[in-house]
Amino acid sequence: MENAQRHRPAEGSDGEDTRPGESGTALELLVHGVGGTTPEKMLDDPRTVRITGDDIAAMFRRADDADAERQPAGRREGPVPEAYVWCNLTSGNGTRALWLLLLPFMVVNIAHWMRPTARGRRRTVRLYGLLVRLAGLSLTVLLVAAACEVALDLTAWQCAGTLACAERHSWLGFLSPGISDGGWWSPPGRRLALAALVPTALTGLLWFLSLRTWSAYESQQPMARAPEPEEDGGPTALGRPGFWYGRRLVARLRAAHTAAGLLTVAAAVGSAAARYDREPGGPAVLGVLGVLLEAMLAAGAGAVIWVVCRRGRSERRLDGGLDRRLVRWLPLAALALLALTVVYAGWERPGWRSAGRLPGDATFGALALAQGLLVVVLAGVAHTLHRTDPDRRAAMRGLAGPAVAMLACALGGVMSGGVSQRVSDWLDGTGTSMPGPPVLLTWQASVIPPLLLLLLVLGGWLARRAWRIARAERAAVEREYAGETGDPGRTRRIASVRAMAALTDRGPRVLAVTSTATLLLGAGALVGALATDRTPGEAAQGSYAVVHGAAQTAQALGSWLIGLGFILFVTWGRRAYKDASARRTIGILWDVGTFWPRAAHPFAPPCYAERAVPDLTWRVATWTRSTGGRLIISGHSQGSVLAAAAAWQLPPSARRRVALLTYGSPLERLYGRWFPAHFGPEALGFLHQEVDCWRNLYRRTDPIGGPMRLPGDRGPDVDRPALQDPLAYGRTEAHPLPAPVLGHSDYQADPAFVEERRRLLARLRAAEVPAPRHTEEPGGGPRGVRGRTQGSAGRSSA
């Protein structure tokens, strides 16, 4: 990559330079999709220069086009291609693969944006956001509680307090009363105080990562502009001035979640000491201190919940406030309370010995119950919103958000239980010297095999569905390539690709079944743990032999599966740190999951769109304002989502000078169905009306991209009929070698791409104020893309 000095477009303010609008220069702003690429590939030229931007995200041109604005008119035929490269916002740094360990936080944050469309229900919408934020808070407490379970309970309390276990692990000898002969660190309280460094360090690491990414992403201020007239929020919130500026909320949530993590550690350290001090004959002074500390911990927990509930997102304006005192003093107060608890627990208590499990097993049960109730209430709120303004294309009839929140809670439970089970097995090789982790975690591990069996059944259903679709598509392929067919293998290949691409639209059913089964199995595990207080294998003793065997098998298999899954997760992250290709794969997951701002969880991976959307908005607005020239935003896949988000953020005057060319776009097929409140039919229809013109390309072999399905009464149709893929069935003069099935890639290689770009350029007007949308052009026909595509196809379901 060749980084030259940045070039500025000619302003023409002195009357000597040529304005692009006068010379006929047009700009094509290319935005790539997930996985990233290089400017050389996007521009099809090995010599590129950076026009503006930095090493993280920048605009590039071919070296010959660096000063295209100053070239005389008629020197070039097509538009000036300019590439926006944003892949380093996501998959550029290998250390970002570590965010995979925080996948539950990302998933619950996505659930926030999946609410149904609703009009006139602001309080209900706020309640929806509040419930998701509380679910996110519970996940933070669950993660820190799992770290406390491993470090405090299994290691410091159980293993170090058991001579047989401490002898197997010599590095714990200084904590063992028997091995160290009553050393200074051997009392239970001091062991817990020392082990508390692990979950405290984890909380500090999360705080640091959130702070660093907050400075790089949330602090990128969008272009300031006056809000447009809105009726109850307008068709989509993505056009509001403060949508991509969540600086204040993330700072507040970061302070609250950090304090929650520290208070969780303090409760784990102090609970055992407080319980011992309350026993008959315990030290009276320490007993009073224990009660005071517990009261302070309860007050701190109440303050954290109040901060989380008090304020949501501020989108109608750029909110520059930071609540500095709250952000600074809430975590510091929690840290001071943790320090007091450590001193209190480490105080000398003659005769205190560790036995059984560390007090606090009920924490995991309380968290599981709270998460289940939150998801159920969230489902009721989502159903109410969906009934207010039904959208037949919305996934799961508006219940996708609660379903995804349920999966986030399940992921959190699986990961915390997996770590606890594996550490327990590692410390207690015989399985007899330690009580092990809380019973609920064992029950949760035991439901993994039934859930995997259900997923296997779903996989079989999808395979059968794909086979039936492929059988129907074979006839369609023969009709489309009439006169060329004759190779059964080629026909089956094309039909199979189409069938696999169509399975994307079955995602809501898979999610509905999986989330419902997860909720029911989780409820069963909670009831079983509370009712028996024994592991599934122990609880099934004395029953039928088949029941006992199934319980023991599920318990053992679930423990190993959950541990294996976690190990694979960590291994994948480690491989991505060293392997660029693996890092790119993980970057694709990152690209899809982190498009949305951090509205529910501050420790989720950062939102790259809070940098990318302002970048595109600034570039388009300043170029059109300074030149008055024509501009096409050409977006592929996720790039089309960024292009649409940037167009919504533009001032109306700039928006009407812009044309959109989207291809392989998930705007309606994925985002419109899963995020109806922001990408629903009304939002996309509004964008269609506001931009100068818009054309969308898709293929039936594409598993991601699809049609926009906008009605024709909003202007010229957006969708071109589905592109032919492959371009040729057999060998032809134009394709002497077999043409590949392209699917989601290489849309620019299709002749339809060049044709549609040319037509868009021909219809874009370079005037300062565009003419009305439906005025006639000199050549006849309405301005915009002429011709109406298949009307019935624009309204049919995928």
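**A walk through the sheet and its helices**

Okay, let me start right inside the fold: leucine 27 on strand β1 has valine 80 as its bridge partner in β4. That pairing belongs to a parallel match between β1 and β4, residues 80-85, held over five bridges. Before I go on, please keep in mind that what you see is a predicted model.

So, the overall picture. This protein has 798 residues, and 55% of them count as buried. You'll find 26 helices and seven strands in it. And if you take contacts between residues at least 6 apart in sequence, 80% of them join residues at least 24 apart.

Now the sheet. What order do the strands come in? It goes β2-β3-β4-β1-β5-β6-β7, an open sheet of seven strands with mixed pairing. At the edges stand β2, residues 48-53, and β7, residues 693-697; each has a single partner strand, so one side of each has no neighbour in the sheet. Going from one strand to the next, the twist averages 25°. As a general reminder, strands in a sheet pair through hydrogen bonds of the backbone, and they can do that parallel or antiparallel.

Back to β1, which covers residues 26-31. Six of its six residues are buried, so call it mostly covered. If you look at where they point, Ala26, Glu28 and Leu30 go one way, while Leu27, Leu29 and Val31 go the other, and all are buried. We've already seen β4 as a partner of β1. β1 also runs parallel to β5, residues 630-636, with six bridges joining the two. Which residue in β5 is the bridge partner of leucine 29? That's isoleucine 633.

Let's keep stepping along. β5 pairs with β6, residues 658-663, in the parallel sense, again over six bridges. Here isoleucine 633 shows up once more, standing opposite leucine 660 in β6. There's a helix to notice at this spot too: α21 packs on the sheet and touches β1, β5 and β6, with its direction at about 140° to that of β5.

One more step takes us to β7. β6 and β7 pair in the parallel sense over five bridges, and threonine 662 has asparagine 696 in β7 as its bridge partner. Remember, β7 is an edge strand. Is β7 enclosed or open, then? Five of its five residues are buried, so β7 is largely enclosed by the rest of the structure. Both faces are covered: Cys693, Arg695 and Leu697 are buried on one side, and Trp694 and Asn696 are buried on the other.

One of the helices in contact with β7 is α25. This helix spans residues 681-690, and its buried residues are Ala683, Leu684, Gly685, Leu687, His688 and Glu690. Those buried residues pack against quite a list: α21, α22, β6, α23, α24 and β7.

Let's stay with α21 and bring in α20. α20 is residues 609-627, α21 is residues 638-649, and the two pack at an angle of about 60° with their axes 8 Å apart. They are therefore oblique to each other, and α20 passes α21 in a right-handed crossing. Who meets whom? From α20 we have Ala609, Ala612, Val613, Leu616 and Thr617, and from α21 Leu642, Ala643, Ala645, Ala646 and Gln649. Sort the residues of that contact and you get eight nonpolar, two polar and no charged.

While we're on α20, have a look at alanine 621, which lies in that helix. Alanine 621 is buried, with a relative accessible area of 2%. Leaving out residues up to four places away in sequence, alanine 621 touches Met223, Leu650 and Ala654. And alanine 621 sits 7.7 Å from proline 651, C-alpha to C-alpha, with the two 30 residues apart in sequence.

Last stop, another helix pair: α7, residues 197-218, and α8, residues 247-278. Their axes come within 9 Å and cross at roughly 175°, and α7 and α8 are therefore roughly antiparallel to each other. The α7 side of the contact includes Trp207, Leu211 and Trp214, and the α8 side includes Val250, Leu262 and Val265. In this contact the residues divide into eight nonpolar, five polar and three charged.

That's my tour, thanks for listening!

Conventions
Residues are numbered from 1 along each chain as its sequence is written. This is a predicted model: local features need pLDDT of at least 70, side-chain atom pairs count only at pLDDT 80 or more; totals for chains, interfaces and linings use all residues. Side-chain values use heavy atoms; hydrogens and water are left out. Axes are lines fitted to C-alpha atoms, for helices over the stretch in contact, and angles run from 0 to 180 degrees between N-to-C directions. Helices (H or I, at least four residues) and strands (E, at least two) are DSSP runs, numbered from the N terminus. Angles under 35 degrees count as roughly parallel, over 145 as roughly antiparallel, 65 to 115 as roughly perpendicular and the rest as oblique. A crossing is left-handed if the near helix is turned anticlockwise from the far one by less than a right angle, and right-handed if clockwise. Contact means heavy atoms within 4.5 Å. Ala, Val, Leu, Ile, Met, Phe, Trp, Tyr, Cys and Pro count as nonpolar, Asp, Glu, Lys and Arg as charged, and the others, Gly among them, as polar. Buried means under 20% relative accessible area, exposed over 50%, partly exposed in between (1.4 Å probe, protein chains only). Two strands pair if DSSP finds at least two bridges between them.
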